[in-house]
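Grab a coffee and open the viewer. Below are some exercises, each with a solution worked through in steps.

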Amino acid sequence: MSIDKLELQSPDLANKNFKKLAALFPNCITESAEGKAIDFDLLKQELSHAVIEGNRERYRLEWPGKREAIVTANLPTTNTLRPIREDSVDFDNTENLYIEGDNLEVLKILQESYFGKIKMIYIDPPYNTGNDFVYKDNFTGDKDEELFESGQIDEYNRRLIANPEASGRYHSDWLSMMYPRLKLARNLLTDDGVIFISIDDNEVHNLRKVCDEVFGENNFVAQVIVQTNPRGRTFDRFIAKTHEYVLVYSKNIDIDGLYEIPKDEEAIAGYSKEDEGGKYRLLELRNRNPVFNRSNRPLMYYPFYVDPEKLDVSLTMTDRHKIEIFPRNSQGEDGCWTWGVEKAKNEISLLVANYANTGKWSVFRKDYLQGTSLYTKSKALWLDKGLNHENGKEMMGELFGKTPFDFPKSVDYIKKCLLIGSSTNNNDVILDFFSGSATTAHAIMQLNVEDGGNRKYIMVQLPEQIENGEYKDICEIGKERIRRAANKIKEEKRAKAEKDGMFADFEDTQDYGFRVYRLDSSNMQDVYYRPQDYKQETLDMFADNIKPDRSPDDLLIQVMLDWGLPLSYKIEQAMINGKQVFKVAQDSLYAYFDKGVDEDFVKEIAKEKPLRVVFRDSGFADDTAKINVQQLLKQLSPETEMKVI
């Protein structure tokens, strides 16, 4: 063990500041002749809403439009989310979310409510094959110009464009799409959070570089190879490709946020021996890695003594234990054990000796099939048959009768990512902002049944139109898939309970619902006039600053987002002094958006001492009444924070 030494010098403030900046802006860390350094040009860009020019040479990924992509991520949005109760399932009680809209705008909107709260992100973005679409994010143009340029003018403000290989900005446009979304996604991850990104050969090299900038090169975990098409793609020119990749990055590699996965049936079958302690296998105690030996692991080199009849071992020679064994490799050279003397002494009952076919004695330890032995580290090569794309199509076919979506991921594919990146018992929230047919939501529900987990999901998908007569866009397919998958899972659970004779006591508490939200413009009136342009005849339009088509539900969600409250919080309605009031997460927020806010009403609210309360500005008779209510609330419930919209 090393001993920490006193530095015997004053604090290195520059180094401390460097580390703080590195934590806040990992993409601004670059390399110079003196080692790691701050890319100040890029840092200036991070702190500006305008494009900052700079031409210093440095080691980094560069492409036309990168600075605009950074600006795109940093620009605020005035958009909001509107609840769609008619499309939701169990809206008032569920903690799952399905959000329709441009994922860039949605990620910006979620920054307050979900900053540092997402345990795992899985995304399956466009692979940039030349046949798919990318988002065209125009951060400088006005709304009409942007719609005109995108060629996708409709009620959802779609911004998808084709990106053929012949495009002069083929890679650049894809990178400009991914960069701001990954930057915003990183903010949402918990300190031990992880992200999984499916990708293929077209952009895996660029995606690695982008993720190295956004998450930090040191937070790279793995580039997993997934066999998704064992027969190979027939249209490949020279070599039929059978696989794609999953890139895995941690928010902070120093914090354990990845988990081992359950062993498969083949591995469990290896536990073929059994005694009073249960099933076990024998693992050789000698360290088989030739790098480790007596010279560099001297404390791991010591003798065991064996009873040749009973095959038990001892650390000291006795009347029974007479055969001395040292850890030596196949060449007869001194190696080392994997355990130190103290551990061997404490767990000597787990050790047994064996006379190998080589004519040499060796020591083995019993590895019982229990606890951590039930799990193993995931390998970087996934060959499981259940991960094939064909399985994804078959499952969609089972739910819909036919497959209404091209190339859906396999549920087992996503489940494997979930097993590695999320916990069974921590109420982890999983985000997928390229949710497609909502395979991730399906996988989460299925895995929760299998391991008793309580994972929650947030699905985000642009309502992209598809050539399908039954469903108008991808969101309609995704929502319907979740409904059908939930019903199928519920039916299977009931059938199993009945088969096992447990139906009488069967109680299904799993969350099968989801709240639907749709991206839209702000609930507040658009104001295009400068103060000097106001005229008496135009003042009436500002008497109420809320758009006339917006409901109290709409206002409540925007208030929750502005106040940083999760959209999954339980929402109830209650009568207080004859008025219908929203209650969010019991006393986290009280909201009332109608007229008639007076002192008697506020006195009743103050008795329940909510943490926050919000009213509509036009709900007060005049400014004097509003001030009086505020002062009264301060006196009766000083911990309550009051705001108006």
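## Exercise 1: the three-stranded sheet

Strand β14 (residues 304-306) is joined to β16 by three bridges, and the two run antiparallel. Keep in mind that this is a predicted model.

**Task.** Work out the strand order of the open sheet that holds β14 and β16, and find its edge strands.

**Solution.**
- Step 1: Start with a pair you can click on. Tyr 305 has Glu 324 in β16 as its bridge partner.
- Step 2: Now add the third strand. The order is β15-β14-β16, with antiparallel pairing.
- Step 3: Look for strands that pair on one side only. These are the edge strands, β15 (313-314) and β16 (323-325).

## Exercise 2: the five-stranded sheet

**Task.** Describe the open sheet formed by β24, β25, β26, β27 and β28, and say which helix packs on it.

**Solution.**
- Step 1: Get the order. The five strands run β24-β25-β26-β27-β28, and the pairing is mixed.
- Step 2: Find the edges. β24 (571-576) and β28 (641-644) each have a single partner strand, so one side of each has no neighbour in the sheet.
- Step 3: Check the twist, which averages 25 degrees from one strand to the next.
- Step 4: Zoom in on one pair. Strand β27 (residues 612-615) and β28 run parallel and are joined by four bridges. Here Val 613 stands opposite Met 642 of β28.
- Step 5: Add the helix. α15 (residues 552-562) packs on the sheet and touches β24, β25 (579-584), β26 (589-592) and β27. The direction of α15 makes about 35 degrees with that of β25.

## Exercise 3: two helix pairs

**Task.** Classify how α10 packs against α13, then do likewise for α16 and α17.

**Solution.**
- Step 1: Recall what you need. Two packed helices are described by the angle between their axes and the distance between the axes.
- Step 2: Take α10 (residues 389-400) and α13 (residues 474-499). Their axes come within 10 Å and cross at roughly 80 degrees. Angles of 65 to 115 degrees count as roughly perpendicular, so α10 is roughly perpendicular to α13.
- Step 3: List who meets whom. Met 395, Met 396, Glu 398, Leu 399 and Phe 400 of α10 meet Ile 477, Glu 480, Arg 481, Arg 484, Ala 485 and Lys 488 of α13. Sorted by class, this contact has six nonpolar, no polar and five charged residues.
- Step 4: Move on to α16 (residues 599-608) and α17 (residues 623-636). Their axes also come within 10 Å, but cross at roughly 25 degrees. Angles under 35 degrees count as roughly parallel, and therefore α16 and α17 are roughly parallel to each other. Their crossing is right-handed.
- Step 5: List the residues again. α16 brings Glu 599, Val 602, Lys 603 and Ala 606, while α17 brings Asn 628, Val 629, Leu 632, Leu 633 and Leu 636. By class, that contact has six nonpolar, one polar and two charged residues.

## Exercise 4: a helix and its cover

**Task.** How many of the nine residues of helix α3 are buried, and what covers them?

**Solution.**
- Step 1: Count. Seven of the nine residues of α3 (residues 66-74) are buried, so the helix is largely enclosed by the rest of the structure.
- Step 2: Name them: Lys 66, Arg 67, Ala 69, Ile 70, Val 71, Thr 72 and Ala 73.
- Step 3: Look around them. The cover includes α2 (40-46), α4 (103-109), α6 and α7 (204-215).
- Step 4: Pick a residue in α6 (residues 170-188), namely Ser 172. Its relative accessible area is 10%. Under 20% counts as buried, so Ser 172 is buried. Beyond its neighbours within four places in sequence, Ser 172 is in contact with Trp 63 and Pro 64.

## Exercise 5: two loop residues

**Task.** Are Asn 427 and Gln 586 buried, partly exposed or exposed?

**Solution.**
- Step 1: Place Asn 427 in the loop between α11 (411-421) and β21 (429-432). With a relative accessible area of 46%, Asn 427 is partly exposed.
- Step 2: Place Gln 586 in the loop between β25 and β26. At 62% relative accessible area, Gln 586 is exposed.
- Step 3: Check the backbone too. Phi is positive, near 55 degrees, at Asn 427, and near 65 degrees at Gln 586.

Key: Residues are numbered from 1 along each chain as its sequence is written. This is a predicted model: local features need pLDDT of at least 70, side-chain atom pairs count only at pLDDT 80 or more; totals for chains, interfaces and linings use all residues. Side-chain values use heavy atoms; hydrogens and water are left out. Axes are lines fitted to C-alpha atoms, for helices over the stretch in contact, and angles run from 0 to 180 degrees between N-to-C directions. Angles under 35 degrees count as roughly parallel, over 145 as roughly antiparallel, 65 to 115 as roughly perpendicular and the rest as oblique. Contact means heavy atoms within 4.5 Å. Ala, Val, Leu, Ile, Met, Phe, Trp, Tyr, Cys and Pro count as nonpolar, Asp, Glu, Lys and Arg as charged, and the others, Gly among them, as polar. A crossing is left-handed if the near helix is turned anticlockwise from the far one by less than a right angle, and right-handed if clockwise. Buried means under 20% relative accessible area, exposed over 50%, partly exposed in between (1.4 Å probe, protein chains only). Two strands pair if DSSP finds at least two bridges between them.
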